[in-house]
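Trainee: Could you pick one part of this model and take me through it closely? I'd like to follow how its pieces sit against each other, and what goes on just outside them.

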Amino acid sequence: AAFDVENADAVYQGTDLRMSLYRPKKQREGIIRFKLFRKKTPIPLSDVLPMLENLGLHIVSERPYELRMADGSRIWIQDFDMVPAVSRELDLDAIRGPFQEAFERTLRGETDSDGFNRLIIASQMNWRQVKILRAYCKYLLQTVVPFSMNYMAETLARHPGISRLLIELFEASFDPAR
């Protein structure tokens, strides 16, 4: 509860959005939770659900909470129960930052919401690394490769190790510090 109060206070003080990806204290068959804290209005489910699905999560339920402040303003907390699409146990400490940054960048329209975003959890990539693979696939489409963007995204998500190696090769090849 103290963590929620801290996030709600940050939003009340002027922060646009706060997030929290965590495991509930009572473990339930692979469920993880994601809370969104926002002032004035909640984020519409029709916007949030596709983004979370594209990030590789299956949404089980959502619980919205409205906090009415003494000055009349409102803070919304949206709490999602989700199951990861990957079959292995997730290291939330490793993916929390990249996941939350990718969600925020997608929400703000700074990156695409598509199947490539599954690599953030599956391959433990950040949103910029995923954007590199997306750009490669768009380039391949211009060369008249017979595969669709969705097919390439699904293939990369099914082979997270290879996807990770492709990014490591890109970064090793184009690192200006080398």
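Mentor: Let's settle how we name things: helices (H or I, at least four residues) and strands (E, at least two) are DSSP runs, numbered from the N terminus. Keep in mind too that this is a predicted model.

A bit of orientation before we zoom in. The protein chain has seven helices and four strands. Read from the N terminus, the elements go α-β-β-α-β-β-α-α-α-α-α. Of the 178 residues, 37% count as buried. The C-alpha trace spans about 60 × 35 × 35 Å along its principal axes. If you take the contacts with a separation of 6 or more, 59% of them are between residues 24 or more positions apart.

The part I'd look at closely is helix 5, which covers residues 127-142, together with what leads into it and out of it. Start in the loop between helix 4 (119-122) and helix 5, where you'll find Gln 124. Most residues other than glycine have a negative phi. Gln 124 isn't a glycine, yet its phi is positive, near 55°. Its relative accessibility is 38%, and since anything from 20% up to 50% falls between buried and exposed, Gln 124 counts as partly exposed.

Step into helix 5 and you meet Gln 129. Is Gln 129 buried or exposed? The cut-off for buried is under 20% relative accessible area, so at 8% Gln 129 counts as buried. As for its company, leave aside the neighbours within four places in sequence and Gln 129 is in contact with Arg 164, Ile 167 and Glu 171.

Further on, helix 5 packs against helix 6 (residues 149-158). Their axes are 10 Å apart, at an angle of about 140°. You might be tempted to call that antiparallel, but the label needs an angle over 145 degrees, so helix 5 is oblique to helix 6. The crossing of this pair is right-handed. Which residues do the meeting? From helix 5 come Leu 133, Arg 134, Cys 137, Lys 138, Leu 140 and Leu 141, and from helix 6 come Met 149, Met 152 and Leu 156. Sort the residues of that contact by class and you get seven nonpolar, no polar and two charged.

Between helix 5 and helix 6 there's a loop, and Val 144 sits in it. Val 144 is another residue that is not a glycine and has a positive phi, this time about 65°. Exposed means over 50% relative accessible area, so Val 144, with 68%, is exposed.

For a comparison, have a look at another helix pair, helix 2 (residues 45-54) and helix 3 (residues 92-107). Here the axes come within 11 Å and cross at roughly 135°. Helix 2 and helix 3 are therefore oblique to each other, and their crossing is right-handed. The contact brings Val 48, Met 51 and Leu 52 of helix 2 up against Phe 99, Phe 103, Thr 106 and Leu 107 of helix 3. By class, that contact holds six nonpolar residues, one polar and no charged ones.

Now for burial in helix 2: Val 48, Met 51 and Leu 52 are its buried residues. They span an arc of only 95° around the axis, so they lie on the same side of helix 2. Helix 3 isn't alone in covering them: strand 2 (32-39), strand 3 (57-68) and strand 4 (74-84) are also among what covers these buried residues. After helix 2 comes Gly 56, whose phi is positive, near 95°.

One last stop ties a loop to the stretch just ahead of our starting point. Val 86 is in the loop between strand 4 and helix 3, and with a relative accessible area of 24% Val 86 is partly exposed. Setting aside neighbours within four places in sequence, Val 86 is in contact with Ile 121 and Ala 122. Val 86 and Ile 121 are 35 residues apart along the chain, while their C-alpha atoms are separated by 8.0 Å.

Methods:
Residues numbered from 1 in each chain as written. Predicted model: local features only at pLDDT ≥ 70, side-chain atom pairs only at ≥ 80, totals over all residues. Heavy atoms only, no water. Axes fitted to C-alpha atoms, helices over the stretch in contact; angles between N-to-C directions. Parallel < 35°, antiparallel > 145°, perpendicular 65-115°, else oblique. Left-handed = near helix turned anticlockwise from the far one by under 90°. Contact = heavy atoms within 4.5 Å. Nonpolar A, V, L, I, M, F, W, Y, C, P; charged D, E, K, R; others polar. Buried < 20%, exposed > 50% of the residue type's maximum accessible area, 1.4 Å probe, protein only. Arc of directions from axis to C-beta.
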